[in-house]
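Reader: Could you take me closely through one position in this model, its surroundings and the packing around it? I would like each term to be given with its cut-offs as you go.

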Amino acid sequence: RLDDAVAAFVAASKADPKDPVPSINLGEVAARAGDVPKAILHYRHAVDVDPGNEIAHARLAALYAARGDADDVIQHAEAALARNARNAQARSSLGAGLSAKGDWEPAILALEEARRGLPDDGDVRRRLGIALMGAGRFSQAADVFLEALDLDDGDARSHLQLGICYYMTRNVELRGYARKEFQHVADRKPTPEDRASSYYHLALLDDDEGKSEQAETGYRLTLRTNQSHVGAANNLGLILATRGAFAEAIPYFRRALRLRPDFPEARLNLGHALLKSGKAKDAKAELEPLLARPDGDPLRERAKKLLTGP
């Protein structure tokens, strides 16, 4: 009876405007209904009434973590922890906020502590796994994702991340395990983005093994699932260019650059394909910006070689 609950909490808030509890409860109702903006407003009101309220700050940190608002996450998580340093949920949110800013090692410390306080929480393990991946600690990340899958084997994202960890170790003995994890994703109701990522990584495995036709099929499947997948666009272009189909490759390199303008490898690939297609002027426009890269940079040297000829 949420409507009756809201009416009771509103009445309680009017009866004692200095009590933060009714606003916290209104935030809980809004969050349960999926109205995140309204929940944030209620929790913020609770903080206005009681600036040091641990619960309100912890709830705000969790909501902002789900939205990826790193600075707000860190602010409210730290406020909750200032009141109670053992608040594991706030510690988990802090780790998520630090990860979003690329502060991997502090994030790992926060999330490892949160894991100890929340032994059955899969989200903490997924966050910790992501932070470990960001720090390049792929074997450790794989162990954490395995823990998360022990808690919930139906989570597509954990299977995807575990497969990426196996792939990124560059251990040939783990390639088969990586392939199995990417194949598991499709059976576990993935988001379109996660499904596309699994197709992409399966294509990478095929590409690495010299199976260009299978890789091409995989990259095309990735782009059908997610038209904005930068890596698939660039790699499909590379496969076509390797076969000498430079005119066909050009639109894919252009797509990759449109999606990520600061992608120098795709710019070099585009310049090369344009040059091979007889479009020297267009090629020059793509390659010359790469000459501004530092001396000794491989991309700069390759661009210079293309521009000056053999």
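Author: Leaving aside its neighbours within four places in sequence, Ile-164 is in contact with Met-133, Phe-182, Ser-197 and His-201, where contact means heavy atoms within 4.5 Å. The model is predicted, so that local features need pLDDT of at least 70 and side-chain atom pairs count only at pLDDT 80 or more, whereas totals for chains, interfaces and linings use all residues. Residues are numbered from 1 along each chain as its sequence is written, and side-chain values use heavy atoms, with hydrogens and water left out.

Ile-164 belongs to helix α10, which runs over residues 156–168; helices here are DSSP runs of H or I with at least four residues, numbered from the N terminus. Because its relative accessibility is 12%, Ile-164 counts as buried, a term that means under 20% relative accessible area with a 1.4 Å probe and protein chains only. Along the chain, Ile-164 and Asp-4 are 160 residues apart, and their C-alpha atoms are separated by 48 Å.

Among the partners of Ile-164, Phe-182 can be followed further. Not counting residues up to four places away in sequence, Phe-182 touches Leu-160, Gly-163, Ile-164, Ser-198, His-201, Leu-202 and Leu-205, and His-201 is thus listed as a partner of Ile-164 and of Phe-182. Phe-182 and Met-133, together with Leu-94 and Tyr-219, have the most contacts inside the largest nonpolar core, which has 62 residues; such a core is a set of buried Ala, Val, Leu, Ile, Met, Phe, Trp, Tyr and Cys residues joined through side-chain atoms within 4.5 Å. Apart from that core lies another, of 14 residues, among them Ala-30, Ile-40, Tyr-43 and Tyr-64. In soluble globular proteins, nonpolar side chains tend to be buried together.

A charged residue offers a further case of burial: Arg-126, in helix α8, counts as buried because its relative accessibility is 18%. With residues up to four places away in sequence again left out, Arg-126 touches Phe-145, Ala-148, Asp-155 and Ser-158.

Helix α8 also takes part in covering α7, since what covers the buried residues of α7 includes α6 and α8. The buried residues in α7 are Ala-107, Ile-108, Ala-110, Leu-111 and Ala-114. Helix α7 itself, residues 104–117, has 14 residues and reaches 20 Å from its first C-alpha to its last, close to the 20 Å expected at 1.5 Å a residue, the expected span being 1.5 Å times one less than the number of residues.

Methods:
Buried means under 20% relative accessible area, exposed over 50%, partly exposed in between (1.4 Å probe, protein chains only). Helices (H or I, at least four residues) and strands (E, at least two) are DSSP runs, numbered from the N terminus.
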